[in-house]
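Let's take a walk through this chain, starting from the outside and working inward. Have the viewer open and follow along.

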Amino acid sequence: IPLLKQIYNKAKAKLDITFISTDKLANEKAWNEVMKKEAVPWRSLFARDQRLKLYNQYEIKFIPLALLIHPDGIIEKIDVRKSADKERLFELLQLN
């Protein structure tokens, strides 16, 4: 979450972030508590009964997974924990 906050604070004028948890339903309360404790400023959703649909639709093989959805609908996997991917994101947003 700290890294996403850093990216959000730098890019919020040009980037919409939506965090979707695909955790087990039994963990929803704990997830909500973390979102409140961390004061997450972007849209955060819990997949509940849509987990399998998300896994299939976006070919999710592992988590965490970040997808960059371009305005034209093109979907690109991006790992902002890798400095090269984070720099690419900032270049796409013209923030460098």
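How much accessible surface does the chain have, and what share of that surface belongs to carbon and sulfur atoms? The total comes to about 7,200 Å², with carbon and sulfur atoms accounting for 53%. Keep in mind that you're looking at a predicted model. As for overall dimensions, the C-alpha trace spans about 40 × 30 × 20 Å along its principal axes. Of the 96 residues in the chain, 26% are buried.

Now for the layout. The chain has four helices and four strands, and if you read along the sequence they come in the pattern α-β-α-β-α-β-β-α. Contacts reach across the sequence too: take those between residues at least 6 apart, and 50% of them join residues at least 24 apart.

One piece of that pattern is easy to trace by eye. Strand β1 (residues 18-21) and strand β2 (residues 43-46) run parallel, joined by four bridges. If you want a landmark for the register, S21 stands opposite F46 in β2. Between these strands in the sequence comes helix α2 (residues 28-37), and β1, α2 and β2 together make a right-handed β-α-β unit.

Next, go back to the start of the chain and look at helix α1, residues 2-11. Which of its residues are buried? They are I7, Y8 and A11. These three sit on the same side of α1, because they cover an arc of only 100 degrees around the axis. Turn the helix to its other side and you'll find P2 and N9, which are exposed. Part of what covers the buried residues of α1 is α4, residues 83-92.

That brings us to the interior. In soluble globular proteins, nonpolar side chains tend to be buried together. Here, the largest nonpolar core has 16 residues, and I7, L15 and L89 are the ones that touch the most other members. The elements giving two or more residues to this core are α1, α2 and α4, with α1 giving the most, at three residues.

I7 is a good place to center your view. Which residues does I7 contact once you leave aside its neighbours within four places in sequence? The list is K12, L15, V80, K86, L89 and F90. So L15 and L89 turn up here again, and they are also two of the residues that touch the most other members of the core.

Finally, a few backbone details that are worth checking if you plan to look at torsions. The peptide bond from I63 to P64 is cis, with omega near 0 degrees. You'll find P64 in the loop between α3 (51-57) and β3 (67-69).

There are also positive phi values in residues other than glycine, among them R48 and Q94. For R48, phi is near 45 degrees. R48 belongs to the loop between β2 and α3, and its relative accessible area of 49% makes it partly exposed. Phi of Q94 is near 55 degrees. Q94 lies in the segment after α4. Is Q94 buried or exposed? Q94 is exposed, with a relative accessible area of 64%.

Conventions. Residues are numbered from 1 along each chain as its sequence is written. This is a predicted model: local features need pLDDT of at least 70, side-chain atom pairs count only at pLDDT 80 or more; totals for chains, interfaces and linings use all residues. Side-chain values use heavy atoms; hydrogens and water are left out. Buried means under 20% relative accessible area, exposed over 50%, partly exposed in between (1.4 Å probe, protein chains only). The arc is that of the directions from the helix axis to the C-beta atoms. Contact means heavy atoms within 4.5 Å. Two strands pair if DSSP finds at least two bridges between them. A crossover is right-handed if, with the strands pointing away from the viewer, the path from the first strand over the helix to the second runs clockwise. Accessible areas come from the Shrake-Rupley method with a 1.4 Å probe; for residues, only the protein chains shown count as cover. A nonpolar core is a set of buried Ala, Val, Leu, Ile, Met, Phe, Trp, Tyr and Cys residues joined through side-chain atoms within 4.5 Å.
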